[in-house]
Amino acid sequence: MKLPLAIFALLALVPILSALGVPLGGFVPLLLGRVMIFAIAAMSLDLILGIGGLASFGHAAPLAIGAYAVAILDAANIHDAVIVVPVAMAAAGFFATATGAVALRTRGVNFIMITLAFAQMIYFAAASLADYGGDDGYTLYSRTTVLGAKLLDGKAFYPTVLVVLFLVWLKLRIIAASRFGRTLSAIRQNRPRAQALGFNAFAVELAAMAIASALCALAGVLLANEAEFVSPAFASWARSGDLMVMVILGGVGSLHGAILGAFAVVMAEEALGRLTQHWPLLFGPSLVLAVLFLRRGIAGIGGRRD
Amino acid sequence: MTDLLRITDLRKHYGALRVTDGVTLKLAPGSIHAVIGPNGAGKTTLIHQISGTVRPDAGSIHLADHDITTLPPHRRARLGLARSFQITSVLPEFSVLENVALAVLGARGSAFGFLRPLAAEKRLNDAASTVLARVGLAARPASLAGALSHGEKRQLELALALAAEPKVMLLDEPLAGAGPEEAERLIALLATLRGHCGILLVEHDMDAVFQLADEISVLSQGRVIANGTPAEIRADPAVRAAYLGEDF
Ligand SMILES: Nc1ncnc2c1ncn2[C@@H]1O[C@H](COP(=O)(O)OP(=O)(O)O)[C@@H](O)[C@H]1O
Ligand SMILES: [Mg+2]
């Protein structure tokens, strides 16, 4: 319990310090804003990957669906979160329900490959949206407002993202401790046993995929606003891989570990990206080391999993 | 009265091996029906088919008035069929109490609750505590199931079946690996269940079988070679030849 609160306190320090006139520059809030957006996406993945044991390699799909909901509604001159957010979450939830119903017929490597294939479908579908820039992507006319207030603009952006991250974390924590979360975990631990106890493993896992996907769409909405731009690359398999890495690096099943994992990945991309454009060549091996030596991820260093 | 469980001409083969070869069995309400037979006779495969983890090639399985032959395992469980596994099968990352609380939930509740922590669900946890006391695990509710001794895991395995308050329990060698004292306690516990639910008991411990069973079927190479009361089975020359030989 202490580590997650410490993380949120540190994140909250940034806008407080800049309000007090400490010169952080634009760079720190920008980078941490990105970290938090990806943390939301990774944390939602942790529900199915960490708690449910479902290794989805297609979690960039709901991210892109959330982002494209912003773009498509932007083109229709609809910019308020009251409409954008429900549409984004419903679309991503629907996508996960439809594709999950197929993907959950498979296990192991096949599940990984089929979720990847469905995300690639979103990638190519986005690239074919000529009205929204096709391959080149689409630049937003306007950022999303919240009941008319410009909460996703300028100085308000960072605190808004922080609040969303906190609420998503709280929501997932509550779910993890609930009947549903414990049943989902039971199915991961011992599927035949859970079924013999009377649980419909398929229905529980499908619902978990829909919830994870809908929450991930929130990250997509924020990401589109941060960049004021969306493109098919939001749904790329590399992005799906990044999200998995964030969860595994941060510590599967811990939820708040996803924030640390997102921090590590975004920073590594930034730092290694300056050294060489071939940064994945360095990143891959360091990931292998992390998985070998940090069994519980960064969140598990120096203590038990919270 | 109709039988709680009715298995009719059940067949299952793996390649050329007939693991279940025309098995017909009945379980009367409140009775204990023991299935014995040498290793490899097909006892566990029979239990798997009744509980739904293995599909039979032919034949039918009825639970009370329901034809459950093609139902998935969780639907059978919800109809009142609980089982223990020969190879201990618990939720290793959860506490003993939570294992049993989930068993209560699985049998009677819905998994689709998203707000209240399971640990705060008093009715589920109280019911679980009661079951733990019955199997002799009352002292260890907070221990992780994965960290229990082998004997304690066997007790938990039985608790998971009991927690459902099932109509029919399928017990696959519940005494295997339990120490003599634990075995005695479990035998006494099973005896108290007579009259409350039907039990299909697969067990190698012949003392337990002859103490508990109302009816015994002897399985050999997938076939029921004898069926009758304990006294009849004890006297059956074919059974002695096939199986009981050395113990008798
Ligand atoms: N999935 C399977 N594939 C092939 N053979 C199997 C399978 N399951 C069980 N068997 C075989 O079926 C026979 C009966 O096994 P089992 O039901 O476990 O017997 P028992 O519980 O009476 O010892 C054994 O010879 C076993 O090797
Ligand atoms: Mg067996």
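## Worked exercises on a predicted two-chain model

A:Gly93 sits in helix α4 of chain A. Keep in mind throughout that this is a predicted model. Each exercise below sets a task and then walks through a solution.

### Exercise 1: A glycine in a helix

Task: Decide whether A:Gly93 is buried or exposed, and find which residues A:Gly93 is in contact with beyond its neighbours within four places in sequence.

Solution:
- Step 1. Start with accessibility: the relative value for A:Gly93 is 11%, and the cut-off for buried is under 20%, so A:Gly93 counts as buried.
- Step 2. Next, look for partners. With neighbours within four places in sequence set aside, A:Gly93 is in contact with A:Ala210, A:Ser213 and A:Ala214.
- Step 3. Finally, try a distance. A:Gly93 and A:Ala71 are 22 residues apart along the chain, and 18 Å separates their C-alpha atoms.

### Exercise 2: The loop between α3 and α4 of chain A

Task: Place A:His79 and A:Asn77, and work out how each is set in its surroundings.

Solution:
- Step 1. A:His79 belongs to the loop between α3 (60–75) and α4 (81–103) of chain A, and A:Asn77 is in the loop between α3 and α4 as well.
- Step 2. Now accessibility. A:His79 has 17% relative accessibility and counts as buried, whereas A:Asn77, at 61%, counts as exposed.
- Step 3. Follow the side chain of A:His79: it makes a polar contact with the side chain of A:Asp74 at 3.0 Å. Apart from neighbours within four places in sequence, the contacts of A:His79 include A:Ser142, A:Arg143, A:Thr144 and A:Thr145.
- Step 4. Check the backbone of A:Asn77. Its phi is positive, about 65°, although the residue is not a glycine. Most residues other than glycine have a negative phi.

### Exercise 3: The loop between α10 and α11 of chain A

Task: Find which backbone atom the side chain of A:Ser254 reaches, and describe A:Leu255.

Solution:
- Step 1. A:Ser254 lies in the loop between α10 (237–250) and α11 (257–275) of chain A, and A:Leu255 is in the loop between α10 and α11 too.
- Step 2. A:Ser254 is buried, with a relative accessible area of 6%. A:Leu255 is buried with a value of 4%.
- Step 3. The side chain of A:Ser254 reaches the backbone nitrogen of A:Gly257 at 3.1 Å.
- Step 4. A:Leu255 has a positive phi of about 65° and is not a glycine.

### Exercise 4: The magnesium site

Task: Name the protein donors of the magnesium ion (ligand 2), and say where they come from in the sequence.

Solution:
- Step 1. The protein donors are OG1 of B:Thr44 and OE1 of B:Gln86, at 2.0 to 2.1 Å from the ion.
- Step 2. B:Thr44 is in helix α1 (residues 43–51) of chain B, while B:Gln86 is in the loop between β6 (81–84) and α3 (96–108), so the pair ties together parts 42 residues apart in sequence.
- Step 3. B:Thr44 is partly exposed at 24% relative accessibility, and B:Gln86 is partly exposed at 31%.

### Exercise 5: Where the chains meet

Task: Describe the interface between chain B and chain A, from its extent to the make-up of the chain B side.

Solution:
- Step 1. Extent comes first. In chain B, 33 residues are in contact with 25 residues of chain A. About 2500 Å² is buried between the two chains, 61% of it on carbon and sulfur atoms.
- Step 2. Count the polar links: there are 4 salt bridges between the chains. A:Arg179 and B:Glu121 form a salt bridge, with their closest N and O atoms 2.6 Å apart. Polar contacts across the interface join 15 residue pairs, with both residues at pLDDT 80 or more.
- Step 3. On the chain B side, the elements giving two or more residues are α2 (73–78), β6, α3 and α5 (150–162). The largest share, 6 residues, comes from α3(B).
- Step 4. The residues on that side divide into 20 nonpolar, 6 polar and 7 charged.

### Exercise 6: A salt bridge across the sequence

Task: Determine how many residues separate B:Arg223 and B:Asp21, and what network they belong to.

Solution:
- Step 1. The side chains of B:Arg223 and B:Asp21 meet in a salt bridge at 3.1 Å, N to O.
- Step 2. B:Arg223 is in strand β10 (residues 223–228) and B:Asp21 in strand β2 (residues 17–27) of chain B, 202 residues apart.
- Step 3. B:Arg223 is partly exposed at 47%, whereas B:Asp21 is buried at 9%.
- Step 4. A network of salt bridges links B:Asp9, B:Arg11, B:Arg18, B:Asp21 and B:Arg223.

Note on methods:
Residues numbered from 1 in each chain as written. Chains lettered and ligands numbered in written order. Predicted model: local features only at pLDDT ≥ 70, side-chain atom pairs only at ≥ 80, totals over all residues. Heavy atoms only, no water. Helix = DSSP H or I, 4+ residues; strand = E, 2+ residues; numbered from the N terminus. Buried < 20%, exposed > 50% of the residue type's maximum accessible area, 1.4 Å probe, protein only. Polar contact = N/O pair within 3.5 Å; in protein donor to acceptor, adjacent residues only side chain to side chain. Donors = N, O, S within 2.8 Å, 3.2 Å for Na, K, Ca; no water. Contact = heavy atoms within 4.5 Å. Buried area = accessible area lost by both parts, 1.4 Å probe. Nonpolar A, V, L, I, M, F, W, Y, C, P; charged D, E, K, R; others polar.
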